[in-house]
Amino acid sequence: MPKFLGKRNFIITQKNKNDVLDKIVSLAKRRGFVFQSSEIYGGLNGCWDYGPLGVELLKNIKNEWWKTMTYREDVEGIDASILMHPRVWEASGHVENFTDPMVDCKECKARFRADQLEDAMCGSKAYKGRKAIKCKEEGKFTEARQFNLMFKSFIGPVEDSGAVVYLRPETAQGIFVNFLNVQGASRQKIPFGIAQLGKAFRNEINTKNFLFRTREFEQMEMQFFVKPKDDEKWFEYWRDERLEWFKSLGMNTEKLRLQPHGETELAHYAKEAVDIEYEFPFGWGEIEGIHNRTDFDLKKHEEFSGKSLKYFDEAAKEKFIPFIIETSAGASRSFMAFLIDAYNEEEVKGEKRAVLKFHPKLAPVKAAIFPLVNKDGMPEIARKIETDLRKNFRVFYDDKGAVGRRYRRQDEAGTPFCITVDTQTLEDKTVTVRERDSMEQERVVVDKLSFYLLNKLIT
Ligand code: GAP
């Protein structure tokens, strides 16, 4: 039986499931989705670089989120700075509470999360392959100490305690402190929300499982301000909306679940919370959290800043601090979930094909254009199609090798449509369009290709 290790852990599953992750990490590097940061210097733990295909996939995920969350009349967008006044992090509780328990091994000097020793390995070369828990049992570990996860720096030229700043560990606080600025400028009335996406930084003790827990990552957060008595209704609304978003972009329904927090798991600011979890090869893990944060955040910022953050309800002629329903997704973690979910291995005519079945909206490249042969005017027609499509879509031109091989290369990149200019094109100005997942082919008039792709991308 798998063993459940608590909210920030996973169900440990069989080894063969981890082989899938190894294959995906290797494909991600080979095809230019993700590279290790500073690889030529041996890498920087917990940091990753997005390559040419990865950056497109990540942008597409963020764009879809941005469109869903802000192209509606009751949500506004902002982009707050990463560095904020240090008092923000005192008010939010991060200076005091944003900690993980940590232990050091007195022998190999490695540092571990005290609550995550089950699957940690000893750092000593002499004990290669040894479980860290064994070292603990032998008394090699220090007592657990609390370790703050915020990255600290100094603002300006003087490095003293008055100049301390933190890299934001979440984007949410930039929204809370701008609540009245946005409300006044946009003339929104409650209920309404503010959305933001951007980088967040956490000095995680244990980074692991590829992009799942990293030190630099991106969040997609939205805070929805409601009347205190309406909080439960809006919590349910946003929980359902957010789950539906992952499904609408093709994520396998069976690999998604809602995991409510029990009373002992609730964060200090939350009245109710639920995680949207995805079943990764290493087990279930959170990709997004929905929290009913009550009036905790605005009250704290009122207290620490001395400024009123009360909302005036003109209709009811009353002032109050709104409750907040938060939706907080990791863009990088969603990227990993979409990548894993899209990965399929299939047998086609006795050959193995690895294919990334991304929703066309997320696919890094929307179409590839091939001349069947490099003669008879086919390259010229194919290049013209490429130039026309490039005005609106990210496309790729390939004239190298047999068409079957070109299909395989695009399958592995997740390109949903391959367009081939062939002999019939010379006669009737149509091309073959091959769809990635079904591998079915149809003929489309060259002049209608843009419209054809657009149609596929909006549905
Ligand atoms: N404002 C609430 C908040 O930040 P969280 O559960 O700590 O809540 C929200 O983070 C989301 O951010 C998570 O569901 C996850 O997708 C992502 N996330 C958090 N820490 C991460 C890390 N170290 N690496 C990658 N993604 C992370």
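**Exercise 1. The shell around the ligand**

Task: In this predicted model, determine which element gives the largest share of the shell around the ligand, and describe the make-up of that shell by class.

Solution.
Step 1. Strand S13 supplies the largest share of the shell, namely four residues.
Step 2. A residue belongs to the surroundings of the ligand if one of its heavy atoms lies within 4 Å of the ligand. By this criterion 19 residues surround the ligand, and the closest are Glu170, Arg202, Glu204, Glu221 and Glu286.
Step 3. Sorted by class, the shell has 10 charged, five nonpolar and four polar residues.

**Exercise 2. Polar contacts and cover of the ligand**

Task: Identify which protein atoms lie 2.6 Å, 2.8 Å and 3.0 Å from atoms of the ligand, and state what share of the ligand's accessible area the protein covers.

Solution.
Step 1. The side chain of glutamate 170 has an N or O atom 2.6 Å from a nitrogen atom of the ligand.
Step 2. A polar backbone atom of threonine 214 is 2.8 Å from a nitrogen atom of the ligand.
Step 3. An oxygen atom of the ligand is 3.0 Å from a polar backbone atom of isoleucine 287.
Step 4. On its own the ligand has 560 Å² of accessible area, and the protein covers 93% of this.
Step 5. Two or more residues of the shell come from each of strand S10 (216-226), strand S13 (283-294) and strand S16 (323-330).

**Exercise 3. The sheet of seven strands**

Task: Give the strand order of the open sheet of seven strands, explain why one side of S3 and of S11 is left without a neighbour in the sheet, and place the helices H8 and H9.

Solution.
Step 1. The order is S3-S9-S10-S16-S13-S12-S11, and the pairing is mixed.
Step 2. Strand S3 (75-77) and strand S11 (256-260) are the edge strands; each has a single partner strand, so one of its sides has no neighbour in the sheet.
Step 3. On average, neighbouring strands of this sheet are turned by 25 degrees against each other, with direction ignored.
Step 4. Within the sheet, S13 and S16 are antiparallel partners joined over six bridges. Histidine 291 has glutamate 326 in S16 as its bridge partner.
Step 5. Helix H8 (residues 231-248) packs on the sheet and touches S10, S11, strand S12 (272-280), S13 and S16, its direction making about 150 degrees with that of S13. Helix H9 (residues 296-305) lies across S10, S13 and S16 and runs at about 60 degrees to S13.

**Exercise 4. The sheet of five strands**

Task: Establish which strands stand at the edges of the open sheet of five strands, and describe how helix H14 lies relative to the strands.

Solution.
Step 1. The strands follow the order S20-S19-S21-S22-S23, with mixed pairing.
Step 2. Strand S20 (395-397) and strand S23 (441-445) each pair on one side only and are the edge strands.
Step 3. The average turn between neighbouring strands of this sheet is 25 degrees, direction ignored.
Step 4. Strand S22 (residues 430-435) pairs with S23 in the antiparallel sense over five bridges, and valine 431 is found opposite valine 444 in S23.
Step 5. Helix H14 (residues 449-458) lies across strand S19 (367-371), strand S21 (417-421), S22 and S23, at about 130 degrees to S23.

**Exercise 5. A hairpin and two loops**

Task: Describe the hairpin of S17 and S18, then locate the cis peptide bond before proline 191 and the positive phi of lysine 109.

Solution.
Step 1. Strand S17 (residues 343-348) and strand S18 (residues 351-356) are antiparallel partners over six bridges.
Step 2. Asparagine 344 faces valine 355 in S18 as its opposite residue, and glutamate 347 stands opposite lysine 352 in S18.
Step 3. Two residues separate the strands of this hairpin; in the turn, lysine 349 has a positive phi of about 45 degrees.
Step 4. The cis bond runs from isoleucine 190 to proline 191, with omega near 10 degrees. Proline 191 is in the loop between helix H7 (179-186) and strand S9 (192-201).
Step 5. Lysine 109, a residue other than glycine, has a positive phi near 70 degrees. Lysine 109 lies in the loop between strand S4 (99-104) and strand S5 (111-113).

Definitions and conventions: Residues are numbered from 1 along each chain as its sequence is written. This is a predicted model: local features need pLDDT of at least 70, side-chain atom pairs count only at pLDDT 80 or more; totals for chains, interfaces and linings use all residues. Side-chain values use heavy atoms; hydrogens and water are left out. A polar contact is a pair of N or O atoms within 3.5 Å; within protein, one must be able to donate a hydrogen and the other to accept it, and residues adjacent in sequence count only if both atoms are side-chain atoms. Accessible areas come from the Shrake-Rupley method with a 1.4 Å probe; for residues, only the protein chains shown count as cover. Ala, Val, Leu, Ile, Met, Phe, Trp, Tyr, Cys and Pro count as nonpolar, Asp, Glu, Lys and Arg as charged, and the others, Gly among them, as polar. Two strands pair if DSSP finds at least two bridges between them. Axes are lines fitted to C-alpha atoms, for helices over the stretch in contact, and angles run from 0 to 180 degrees between N-to-C directions. Contact means heavy atoms within 4.5 Å.
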